[in-house]
Amino acid sequence: MRQNVIKQIFYTLDEIEHHILQKDSRGQCWDLRTTCAYRIFRAFDIPRFRLEPADPNQVLADLRSVIEYIEQSPMNGDPQTLGSNQVFHGCFQNDAERMQYLYGLAWSQLSRDQYFDAARLFADRMRNSNFDLSFLRGAECLDLGTGIARYALAMIQLGAQHVVGIDFSLECIQEAKRRLKGSEEGKLITLIHGDLYELSRDRDQAFDFVCANGVIHHLPDPVKGLQVVFRCLRKSGKAFAFVFSQSDGPWWRSIELIRKLTAPVPLQYAHKIVTFYEVQGTKSFNMLDYCYTPIQHKFDRKWFEQTLSDVGFRDIRFLEGGVIHDSVLRCKLFEADRELYGITEIRYLMEK
Ligand SMILES: C[S@@+](CC[C@H](N)C(=O)[O-])C[C@H]1O[C@@H](n2cnc3c(N)ncnc32)[C@H](O)[C@@H]1O
């Protein structure tokens, strides 16, 4: 019965794509595209944060309402919207620039409480997987792709002596500095604006702990990224990586669709619409993150573990536990979530 609903969800996602293409073959109805993308994203995303199984029937009903919305829309590829297109397009020279801008924009939306709560999230994930965090006490740490230094802050709160955070988005680094200004934790965090691939060789074997939270799957060469993690670690140092993983449920298909829908829509324009609809800041961040990151690898779990081993890591431990919105936990608890999403992200603690 539920399998049937899942099939219908896949089918409805195809139908949405078809309807949008019919209505807007030239990619000019930015509002319609962004609104539909947002609605699809929320249909899947809202249930992931509830303390109960997701309801595939509700997801299906939400997706059908998107089709109704498209059908009722008076929009029909209006060539007049082309004028503003020129204003937005051409802002970014390449993928990296686009990503730097995206993260600067997106991360600034995190509330102060959410920002300072990162340590709890990090610690809960580790503890719920039966990992002891005492290795962080007094540790010299590196946070690769630090964003606004959420996890760098977490490491200090959990006892690290000092953290170096690096990110190639200047907007992110500036925002991190603004948020940490005047805090005790901020004094123990050094922020570097730069590409992690180009991290100085002086940093080789300089750290007891290296964190790569959500960055490896956005890199053009993920293996090279893992090699940076490895070379910066001291012998017996530990590393943490969180990456997206392949799964069969309709979740990744929905993400693929929202990426297609928003492809012709300039990031700045989509951001304006999404934040207009938004009540809590981070959801618009999440959606933009999924829609607009130019590179979004999804790794096969076996491949990723083999690669970690090939890079040189040992004692590679998968985080079996998590917090309630982590797919690994939800899939254990709820069959419906297993079918709708599957395990969409994987986390590892490993040693050099
Ligand atoms: C999903 S965010 C994660 C941020 C942070 N680790 C966290 O969990 O809060 C990915 C970050 O990696 C950064 N990034 C991507 N590629 C990078 C590179 N080659 N060098 C440095 N930073 C990079 C992006 O700018 C972005 O801030």
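Which helix gives the most to the shell around the ligand? Keep that in mind as you open the viewer; this is a predicted model, and the tour begins with its domains.

**Stop 1: the two domains**

Colour residues 2–89 and 248–292 as domain 1, then 112–246 and 298–351 as domain 2, following the domain assignment of the protein. Their centres, taken over C-alpha atoms, are 29 Å apart. The contact between them draws 16 residues from domain 1 and 13 residues from domain 2. On the domain 1 side, select α1 (2–23), α3 (56–72) and α11 (250–262), each of which supplies at least two residues. Of these, α11 brings the largest share, three residues.

**Stop 2: the ligand**

Now show the ligand and the 21 residues around it. The ones that come nearest are G145, G147, F168, S169 and G214. Next, highlight α5 (95–107), α8 (150–157) and β2, since each supplies at least two residues of this shell. Here is the reply to the opening question: α5 gives the most, with three residues.

**Stop 3: helix α8 and its surroundings**

Stay with α8 for a moment. Is this helix mostly covered or mostly open? Mostly covered: seven of its eight residues are buried. To see them, select R150, Y151, A152, L153, A154, M155 and I156.

Two backbone spots here are worth a click. A149, in the loop between β1 and α8, has a positive phi of about 70 degrees although it is not a glycine. With 28 other C-beta atoms within 10 Å, A149 is buried. Then go to G159, just after α8, where phi is also positive, at about 110 degrees.

**Stop 4: the sheet**

Switch to a cartoon view and find the seven strands, which form an open sheet with mixed pairing. Reading across, the order is β3-β2-β1-β4-β5-β7-β6. The edges are β3 (189–193) and β6 (314–318), each pairing on one side only. From one strand to the next, the twist averages 15 degrees.

Pick out β1 (140–144) and look to both of its partners. Towards β4 (207–213), the strands run parallel and three bridges join them; C141 stands opposite F209 there. Towards β2, the pairing is again parallel, over five bridges, and L142 stands opposite V164.

How much of β2 is buried? Five of its six residues are, so the strand is largely enclosed by the rest of the structure.

At the β6 edge, click on D315, which lies in that strand. Phi of D315 is near 50 degrees, a positive value in a residue other than glycine. Unlike the buried A149, D315 is exposed, with 10 other C-beta atoms within 10 Å.

**Stop 5: the nonpolar core**

Select I40, L144, M155, V210 and V229: these have the most contacts inside the largest nonpolar core, which has 97 residues. Helix α2 (30–45) gives the most to this core, with nine residues. Where does the core lie with respect to the domains? Domain 1 and domain 2 both give residues to it, so the core lies between them.

Zoom in on V229 to see the packing in detail. Setting aside residues up to four places away in sequence, V229 touches L144, V210, A212, A239 and A241. Two of the names you have just selected, L144 and V210, are thus on the list of contacts of V229 as well as among the core residues with the most contacts.

**Stop 6: H217**

Finish at H217, in the loop between β4 and α10 (222–232). Is H217 buried or exposed? With 21 C-beta neighbours inside 10 Å, where 20 or more is the cut-off, H217 counts as buried. Display P222, V243, F244, Q296, H297 and F299 to see what H217 is in contact with, leaving aside its neighbours within four places in sequence. For a last distance, draw a line from the C-alpha atom of H217 to that of G27: the two are 190 residues apart along the chain and separated by 28 Å.

Methods. Residues are numbered from 1 along each chain as its sequence is written. This is a predicted model: local features need pLDDT of at least 70, side-chain atom pairs count only at pLDDT 80 or more; totals for chains, interfaces and linings use all residues. Two strands pair if DSSP finds at least two bridges between them. Helices (H or I, at least four residues) and strands (E, at least two) are DSSP runs, numbered from the N terminus. Axes are lines fitted to C-alpha atoms, for helices over the stretch in contact, and angles run from 0 to 180 degrees between N-to-C directions. A nonpolar core is a set of buried Ala, Val, Leu, Ile, Met, Phe, Trp, Tyr and Cys residues joined through C-beta atoms within 7 Å. A residue is buried if 20 or more other C-beta atoms lie within 10 Å of its own, exposed if 12 or fewer, and partly exposed in between; C-beta atoms are placed from the backbone. Domain bounds come from an automatic or database domain assignment. Two residues are in contact if their C-beta atoms, placed from the backbone, lie within 7 Å. A residue is near a molecule or strand if its C-beta atom, placed from the backbone, lies within 6 Å of it.
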